[in-house]
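Q: Got a minute to walk me through this one? I'd like the main points, quickly.

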Amino acid sequence: MKQTVKLIVGNWKMNGLAADLAGAVAEMLADLKATPASARAGLCPPATLIERMVRAIDGGPIAVGGQDCRVETKGAFTGGVSAGMLVDAGATMVILGHSERRQEFGESDALVSDKVGAALQAGLMPIICVGETLAQREAGEAAAIVRGQILGSLHDGLTGQDWALAYEPVWAIGTGLTPTLDQIAEIHAAARDAMIERLGDGGRTAPILYGGSVNPGNARDILALDEVGGALVGGASLKAADFLAIIRAA
Ligand code: PGA
């Protein structure tokens, strides 16, 4: 399905200090206010910056999100941040199941699904990440791995809600490598089938973002693909000019 309004979300990971609000974010905001974009834009900074970024954006055309949340709403979970806390700080979306969390923190599909439920309960838009490793791709398993992650990581409550899937091949994240356009189209089509397999009609409309080394040079071609509903952007979202160019390419 051709998605007309694309969603471009920046994932700052563990980068960003208050000074970046006066720098990169102010620059993005001024540009988007002067010339409104046809795409929806979002930024997911570290939790420490969410509230200040929301204040800096002050109702402007960039949504703010978290990069993870816990399943529990509160309690003795040192270092944890709940979905309700993200909402309290002004976030409207949250990235869940990013491969860095799946790998570093051993997050399983079942845990990601529970986090999706917690995010929905709190009123956040979940952006659910899936993607194969290089070894899995080389073994010809990319589509099967992505299907399995989708079946395990989605949540019954997603039907009728605002949410997105993000296909991010692990080997393309932060490496400058990207799949070919044909490979992206193939996995996005397989992902759509799996979303429908899991949720029925509820899996038909959520956008499927592509993520992994998206930059101003490759964004236009990737975003022009039928099943690509937007992009999840890491490194390039830290630079105002690059992130703006990707938003403008959508
Ligand atoms: P990258 O990261 O754009 O730096 O490859 C993407 C992501 O991890 O979401």
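Q: Which residues touch the most other members of the largest nonpolar core?
A: This is a predicted model, to start with. In its largest nonpolar core, those residues are Ile8, Ile150, Leu154, Trp163 and Leu165. That core holds 65 residues.

Q: Is there another core, and which residues are among its members?
A: Another core lies apart from that one and has twelve residues. Val9, Ile95, Cys129 and Ala164 are among them.

Q: Back to isoleucine 150. What is it in contact with, leaving aside neighbours within four places in sequence?
A: Isoleucine 150 contacts Val130, Leu165, Ala191, Ala194, Met195 and Arg198. Leu165 is also one of the residues that touch the most other core members.

Q: Zoom out. How many helices and strands are there in the protein chain?
A: Ten helices and eight strands. The radius of gyration is 17 Å, close to the 18 Å from the globule rule for 250 residues, so the chain is as compact as a globular protein of that length. The C-alpha trace spans about 45 × 45 × 30 Å along its principal axes.

Q: What share of the residues counts as buried?
A: 49% of the 250 residues. The chain exposes about 10800 Å², and carbon and sulfur atoms supply 53% of that area.

Q: And the contacts: what percentage comes from residues 24 or more positions apart?
A: 73%, counting contacts with a separation of 6 or more.

Q: New topic: charges. How many positive and negative side chains?
A: There are 20 positive and 28 negative ones. The centres of the two sets lie 4 Å apart.

Q: Now the C-terminal end of the list. Which residues of α10 are buried?
A: Helix α10 covers residues 240-249. Its buried residues are Ala240, Phe243, Leu244, Ile246, Ile247 and Ala249.

Q: What covers them?
A: The cover includes strands β1 (7-11), β2 (40-44) and β8 (230-233). Helices α1 (18-34) and α9 (219-223) are also included.

Q: Any backbone oddities? What is phi at aspartate 58?
A: Near 50 degrees, a positive value in a residue other than glycine. Most residues other than glycine have a negative phi. Aspartate 58 sits in the loop between α2 (47-57) and β3 (63-66).

Q: Is aspartate 58 buried or exposed?
A: Exposed, because its relative accessibility is 63% and the cut-off is over 50%.

Q: And serine 213: what is phi there?
A: Near 60 degrees, so also positive in a residue other than glycine. Serine 213 is in the loop between β7 (208-211) and α9.

Q: Buried or exposed?
A: Serine 213 is buried, because its relative accessible area is 17%, and buried means under 20%.

How values were computed: Residues are numbered from 1 along each chain as its sequence is written. This is a predicted model: local features need pLDDT of at least 70, side-chain atom pairs count only at pLDDT 80 or more; totals for chains, interfaces and linings use all residues. Side-chain values use heavy atoms; hydrogens and water are left out. Helices (H or I, at least four residues) and strands (E, at least two) are DSSP runs, numbered from the N terminus. The radius of gyration is taken over C-alpha atoms; the globule rule is 2.2 Å times the number of residues to the power 0.38. Buried means under 20% relative accessible area, exposed over 50%, partly exposed in between (1.4 Å probe, protein chains only). Contact means heavy atoms within 4.5 Å. Accessible areas come from the Shrake-Rupley method with a 1.4 Å probe; for residues, only the protein chains shown count as cover. Lys and Arg count as positive and Asp and Glu as negative; His and the chain ends are not counted. The place of a charge is taken as NZ of Lys, CZ of Arg, CG of Asp or CD of Glu. A nonpolar core is a set of buried Ala, Val, Leu, Ile, Met, Phe, Trp, Tyr and Cys residues joined through side-chain atoms within 4.5 Å.
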